[in-house]
Amino acid sequence: MSSLTQIIKVDDTNMTISARDLHDALEVTTPFRIWFPRMCEYGFTSGADFNPNKNVRVQEEGSREVSREVTDYQISIDMAKEICMIQRTEKGREIRKYFLDLEKAWNTPEQIMARALRMADKTIASLQD
């Protein structure tokens, strides 16, 4: 799970994860370009549950490195948990439990207060400019 810790994006209000990174962590054999649209058929909404973004990926093809622009999606932790349940694999259950534990830690009073203080500091700093 330590690899997931490194790929979760955190800001003052939420946490997200790359859909491609989740796909890799779940060890899904279906190609991402087929898998992600199929996951979206479960009722997820662009702008609420996920946001598309473009990335450049470097891949080894034979003896050379090739750079390609690929579409990825930053998905909410709630969407990631649901996707893990849909997978119905041991890996899916393991990652879902990790997300549940992460969410519990995120919602402790100390973490809520820390986020509120950071937001207040940003507001104060913007007013001083």
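Two strands count as paired here if DSSP finds at least two bridges between them. Strands E3 (residues 50–61) and E4 clear that bar, running antiparallel over twelve bridges. What you have above is a predicted model, with a protein chain of six helices and four strands. Read along the sequence, the order goes α-β-β-α-α-β-β-α-α-α.

**The chain as a whole**

- The C-alpha trace of the protein chain spans about 55 × 35 × 30 Å along its principal axes.
- Of the 129 residues in the protein chain, 32% are buried.
- Take the contacts between residues at least 6 apart in sequence, and 53% of them join residues at least 24 apart.

**How the strands pair up**

- Start with E1 (residues 8–10), which pairs with E2 in the antiparallel sense over three bridges. Val10 sits opposite Met15 of E2 in that pairing.
- E2 (residues 15–18) also pairs with E4 (residues 64–76), again antiparallel and over three bridges. Here Thr16 faces Ser76 of E4, and Ser18 has Gln74 of E4 as its bridge partner.
- E2 sends Met15 and Ile17 one way and Thr16 and Ser18 the other, and all of them are buried.
- E3 and E4 make a hairpin with two residues between them. One turn residue, Gly62, has a positive phi of about 70 degrees.

**Lys54, out on strand E3**

- Lys54 belongs to strand E3, and Thr71 is the residue opposite Lys54 in E4.
- Setting aside residues up to four places away in sequence, Lys54 touches Glu69, Val70 and Thr71.
- Lys54 counts as exposed because its relative accessible area is 55%, and the cut-off for exposed is over 50%.
- Lys54 and Tyr98 are 44 residues apart in sequence, and their C-alpha atoms are 27 Å apart in space.

**The nonpolar core**

- The largest nonpolar core has 26 residues, and those touching the most other members are Leu22, Phe36, Ile75, Ile83 and Phe99. E2, H2, H3, E4, H4 and H5 each put at least two residues into this core.
- Phe99 is a good one to click on: leaving out residues up to four places away in sequence, Phe99 touches Ile8, Ile17, Leu22, Ile77, Ala80, Lys81 and Cys84.

**Gln87, a buried residue in helix H4**

- Gln87 is found in helix H4. At 19% relative accessible area, Gln87 is buried, because the cut-off for buried is under 20%.
- Beyond its neighbours within four places in sequence, Gln87 is in contact with Leu26, Val28, Trp35 and Met39.

**Two loop residues with positive phi**

- Some background first: most residues other than glycine have a negative phi.
- Glu27 goes the other way, with a positive phi near 60 degrees. Glu27 lies in the loop between helix H2 (19–25) and helix H3 (32–40). With a relative accessible area of 55%, Glu27 is exposed.
- Arg88 is another non-glycine residue with a positive phi, near 50 degrees. Look for Arg88 in the loop between helix H4 (77–87) and helix H5 (90–106). Arg88 counts as exposed too, at 76% relative accessibility.

**The largest pocket**

- The largest pocket holds about 250 Å³ of space. Its lining has 17 residues, and the closest to the pocket centre are Asn14, Met15, Thr16, Ser76 and Ile77.
- Two of those, Thr16 and Ser76, are the pair that stand opposite each other where E2 meets E4.
- E2, E3, E4, H4 and H5 each supply at least two residues of the lining. E4 gives the most to the lining, with three residues.
- By type, the lining residues split into six nonpolar, eight polar and three charged.

Conventions
Residues numbered from 1 in each chain as written. Predicted model: local features only at pLDDT ≥ 70, side-chain atom pairs only at ≥ 80, totals over all residues. Heavy atoms only, no water. Buried < 20%, exposed > 50% of the residue type's maximum accessible area, 1.4 Å probe, protein only. 1 Å grid on protein atoms, 1.4 Å probe; cavity = no way out; pocket = protein on both sides within 12 Å on 5 of 7 lines; lining within 4 Å. Points joined across faces, edges and corners; volume = space filled by probe spheres on them. Nonpolar A, V, L, I, M, F, W, Y, C, P; charged D, E, K, R; others polar. Core = buried A, V, L, I, M, F, W, Y, C linked by side-chain atoms within 4.5 Å. Contact = heavy atoms within 4.5 Å.
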